[in-house]
Amino acid sequence: MIERTPMIELRNVTAFKGNSKVFDRLTLSFRQGRHTAILGPNGAGKSTLLKLLSGELHPAPDDETVVSLFGSDRWNVWELRKHLGVVSHDLQHRYLEHVSGLDVILSGYYASIGTYDHQRFGSEQWIRAQEIAHMVGVGNLITRPFGTLSTGEQRRFLLGRALVHDPAVLVFDEPTSGLDLPACFAYLETMRKLMRAGKTLLLVTHHLHEIPPEIGRVVLLKGGRVVADGPKVQVLTSDALTSLYGMPIELVQINGFYQALPGAKR
Ligand SMILES: Nc1ncnc2c1ncn2[C@@H]1O[C@H](COP(=O)(O)OP(=O)(O)OP(=O)(O)O)[C@@H](O)[C@H]1O
C-alpha cells in the first residue's frame with residue numbers, strides 16, 4: 001500500500017563532502033511502496049545522497065532544512081538501520097577478507113563491519129542469520145571467508161546483512177556491477193522477490209539494465225540537482241538521457257527492462 005506521508009523527506013538540504021558543496025537546498029522525498037531508481041553521471045551526488053539517507057552524513061545546519069526519516073527528525077543511526085538496509089560497494093570494500101559469510105550477516109545486528117568478541121548474539125539471531133543466508137542463496141557458503149567469495153556471493157551476504165532487521169526499505173548501490181550475466185539476472189530476481197514481499201526499493205545506479213520493471217519512479221540527478229523526477233515511462237527517455245549525459249543515447253526497452261546504447265549523432 002502506498003502511504004501519503006513520505007517515509008523519507010529531505011527538504012532544503014545542503015550537504016558537503018570535504019570542501020565540495022554537493023547539494024544546495026536539495027528537496028526530495030520517498031514514499032513507502034514507491035520503488036525508485038536514482039540515476040546520474042559520475043559526481044552527480046548519488047553516493048552523497050545515500051550517505052544522507054543512511055545517517056552517515058549530516059546536512060549543513062540551517063533553520064529551513066528538514067531531514068525526516070521514518071516519521072522522525074530526531075532519528076539515531078541505530079534506530080534508522082532497523083528501517084533501512086543498505087547494500088553498497090563502500091560496505092563491500094570495507095569487509096576484511098577473513099570474516100566468514102555468516103559473520104557478515106550477523107554484523108548487521110550491530111551495523112558493524114564484521115563481528116567482535118564483545119558482541120553477543122542470541123540463538124534466535126544465529127538461526128535467523130542462517131535462514132537469511134539460505135533465503136539470499138548462499139546458505140552453503142556461510143563458513144567461507146569473505147575474501148574467497150565471488151563478487152556476486154559477497155553481494156548476497158551484504159544483502160543478508162541488510163535484511164537482519166527486516167527493514168521496510170532497501171537501498172541498493174549499483175547492485176549488479178561486476179556480476180556475470182547469470183549472477184546479475186539472479187540478483188535482479190532476488191530484488192524483485194523482495195519488492196513482491198513488500199520491501200520498498202531505492203536503487204542508485206548508472207546501469208539501466210539493473211532497473212527492475214517494478215520500479216515506477218525515476219529521479220535524474222546532475223551536479224547535485226534533481227533535473228527530472230517522475231514516472232519511469234515519462235522520465236526514462238532517450239532525450240532525457242542524452243541531455244543528462246551530454247551525448248547521444250538511444251534507449252531500448254524489452255519486457256520492462258531497459259538498456260542504453262550509443263545514439264546517432266544529431
Ligand atoms: N571527500 C571529498 N572531498 C571533496 N569532494 C568530494 C569528496 N567526496 C565527493 N566529493 C565530490 O562530491 C561530488 C559528488 O560526489 P558523489 O560521490 O556523491 O557522486 P556520485 O554521483 O556518487 O559519483 P559516482 O557515480 O562517480 O560514484 C563530486 O563532485 C565529488 O568530486
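## Exercises on a predicted model

α5 is followed by Gly-137, a residue whose phi is positive, near 90°. Keep in mind as you work that this is a predicted model. Let's begin with that helix.

**Exercise 1. Work out which residues of α5 are buried and why they share one side of the helix.**

Step 1. Start with the helix itself: α5 spans residues 123-135, 13 residues in total. From first C-alpha to last it reaches 18 Å, close to the 18 Å expected at 1.5 Å a residue.

Step 2. Pick out the buried positions, using the cut-off of 20 or more other C-beta atoms within 10 Å. In α5 these are Arg-128, Ala-129, Ile-132 and Ala-133. They lie on the same side of α5 because the arc they cover around the axis is only 140°.

Step 3. Turn to the face pointing away from that buried side. The exposed residues Ser-123, Glu-124, Ile-127 and His-134 sit there.

Step 4. Ask what lies over the buried residues. The cover includes α4 (101-106) and α6 (151-163).

**Exercise 2. Find the order of the strands in the open sheet that contains β1, and say which strands stand at its edges.**

Step 1. The sheet has 3 strands, in the order β2-β1-β4, with antiparallel pairing. β2 (20-30) and β4 (66-69) are at the edges; each has a single partner strand, so one side of each lacks a neighbour in the sheet. From one strand to the next, the twist averages 35°.

Step 2. Look at one pair in detail. β1 (residues 8-17) is joined to β2 by 7 bridges in the antiparallel sense. For a place to check in the viewer, Ile-8 has Phe-30 in β2 as its bridge partner.

Step 3. Add the helix that packs here. α1 (residues 46-53) lies across β1 and β2, and runs at about 120° to β1.

**Exercise 3. Trace the strand pairings of β8 and state the sense of each.**

Step 1. With β3 (residues 36-39), β8 (residues 217-222) runs parallel, joined by 4 bridges. Ile-38 has Val-219 in β8 as its bridge partner.

Step 2. With β9 (residues 225-231), β8 runs antiparallel, joined by 6 bridges. Here Val-218 is matched with Gly-230 of β9.

Step 3. Inspect the connection. β8 and β9 make a hairpin with 2 residues between them, and Gly-223 in the turn has a positive phi of about 55°.

**Exercise 4. Which residues touch the most other members of the largest nonpolar core?**

Step 1. A useful background idea: in soluble globular proteins, nonpolar side chains tend to be buried together.

Step 2. The largest nonpolar core has 61 residues, and those touching the most other members are Ile-38, Ile-105, Ala-133, Val-171 and Leu-203. Two of these names have come up already: Ile-38 as the bridge partner of Val-219, and Ala-133 among the buried residues of α5.

Step 3. Follow Val-171 outwards. Beyond its neighbours within four places in sequence, Val-171 is in contact with Leu-50, Leu-53, Leu-84, Val-86 and Leu-202.

**Exercise 5. Locate Asn-12 and Phe-70, two residues with positive phi that are not glycine, and describe their surroundings.**

Step 1. Asn-12 has a phi of about 50° and belongs to strand β1. With 16 other C-beta atoms within 10 Å, Asn-12 is partly exposed.

Step 2. Phe-70 has a phi near 55° and is found in the loop between β4 and α2 (77-83). Phe-70 is also partly exposed, with 18 other C-beta atoms within 10 Å.

Key: Residues numbered from 1 in each chain as written. Predicted model: local features only at pLDDT ≥ 70, side-chain atom pairs only at ≥ 80, totals over all residues. Expected span 1.5 Å × (residues − 1). Buried ≥ 20, exposed ≤ 12 C-beta atoms within 10 Å, placed from the backbone. Arc of directions from axis to C-beta. Contact = placed C-beta atoms within 7 Å. Pairing = 2+ DSSP bridges. Axes fitted to C-alpha atoms, helices over the stretch in contact; angles between N-to-C directions. Core = buried A, V, L, I, M, F, W, Y, C linked by C-beta atoms within 7 Å.
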